[in-house]
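Got the viewer open? Let's take a short walk through this structure, one selection at a time.

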Amino acid sequence: MSEKKPKIIVFDLDYTLWPFWVDTHVTLPFIKRKNNEIIDAHGQIIRYYKDVPDVLNKLLEEGYELGIASRTSEIKGAKQLVNLFDWEKYFKYKEIYPGVKTAHFSQIKKLSNVEYKDMLFFDDEQRNINDLNKIGVLSILVENGVTHEVISNGLKIFAKS
């Protein structure tokens with residue numbers, strides 16, 4: 001019997017893929033310099049968690065569909081950073097707007113025809129974890145950003161669920 005795997009893996013953005021809140025800690029517009037460094041309007045360098053590009057690439061190569069579910073009010077800035085980090089290619093589903101995460105997942109379910117029980121979610125906020133666990137999305141609390149270890153542990157928990 002093969003190991004149980006999620007059909008879709010979804011990520012929050014703030015404090016999950018990058019170490020800040022896009023609506024309060026950085027200032028638009030964002031600019032990509034020639035050295036690929038991204039800065040905000042104040043010249044502050046904007047970084048993501050170190051493992052994130054490698055994690056996203058590996059998951060995509062392994063055949064997972066990936067999505068974003070962010071409740072930020074800074075929609076334009078979040079989308080711009082995803083684009084500037086060159087992450088567009090990873091995410092089939094991009095639900096970025098204020099509101100409860102269950103609304104984001106309802107839309108992902110509608111677009112994908114994938115049941116909640118076949119989704120895996122990573123987020124840094126317990127309230128979102130609780131809301132989604134209630135509707136059947138296995139949700140993993142991320143405490144210090146997405147890493148290879150966080151993903152590996154999440155996939156192991158999903159396989160046993």
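**First stop: glutamate 95**

Select glutamate 95, and you land in strand E6, which covers residues 91-96. Keep in mind as you look around that this is a predicted model. Is there a charged partner for this residue, or none? Glutamate 95 is buried yet makes no salt bridge. Now add lysine 79 to your selection: it is the nearest side chain of opposite charge, and it sits 8.4 Å away. A salt bridge would need a side-chain nitrogen within 4 Å of a carboxyl oxygen, so this pair does not count as one.

Who does touch glutamate 95? Leaving aside neighbours within four places in sequence, show Ile68, Ala69 and Ser70, then His104, Gln107, Ile108 and Leu111; glutamate 95 is in contact with each of these.

**Zoom out: the whole chain**

Switch to a cartoon view and colour by secondary structure. You should find five helices and eight strands in the protein chain. Follow the chain along its sequence and the pattern reads β-β-β-β-α-β-α-β-α-β-α-β-α.

Turn the model around to get a feel for its extent: along its principal axes, the C-alpha trace spans about 50 × 30 × 25 Å. For 161 residues, a compact globule would have a radius of gyration near 15 Å, and the chain's value of 15 Å agrees with that. Of those 161 residues, 44% count as buried.

Try a surface view next. The accessible surface comes to about 8400 Å², and 49% of it belongs to carbon and sulfur atoms. Colour by charge and you can pick out 23 positive and 23 negative side chains; the centres of the two sets lie 3 Å apart.

**Next: threonine 16**

Go back to the cartoon and select threonine 16, in the loop between strand E1 (8-11) and strand E2 (31-32). Buried or exposed? Threonine 16 has a relative accessible area of 0%, so it is buried. Show what surrounds it: apart from neighbours within four places in sequence, its contacts are Tyr49, Phe122, Asp123, Asp124, Val142, Gly145 and Val146.

Contacts across the sequence are worth a thought here. Among contacts in this chain between residues at least 6 apart in sequence, 64% join residues at least 24 apart.

**Last stop: serine 152**

Finish in helix H5, residues 148-160, where you will find serine 152. This residue is partly exposed, because its relative accessible area is 31%. Now select valine 55 as well and draw a distance between the two C-alpha atoms: they are 97 residues apart along the chain, but separated by 9.9 Å in space.

How values were computed. Residues are numbered from 1 along each chain as its sequence is written. This is a predicted model: local features need pLDDT of at least 70, side-chain atom pairs count only at pLDDT 80 or more; totals for chains, interfaces and linings use all residues. Side-chain values use heavy atoms; hydrogens and water are left out. Helices (H or I, at least four residues) and strands (E, at least two) are DSSP runs, numbered from the N terminus. The radius of gyration is taken over C-alpha atoms; the globule rule is 2.2 Å times the number of residues to the power 0.38. Buried means under 20% relative accessible area, exposed over 50%, partly exposed in between (1.4 Å probe, protein chains only). Contact means heavy atoms within 4.5 Å. Accessible areas come from the Shrake-Rupley method with a 1.4 Å probe; for residues, only the protein chains shown count as cover. Lys and Arg count as positive and Asp and Glu as negative; His and the chain ends are not counted. The place of a charge is taken as NZ of Lys, CZ of Arg, CG of Asp or CD of Glu.
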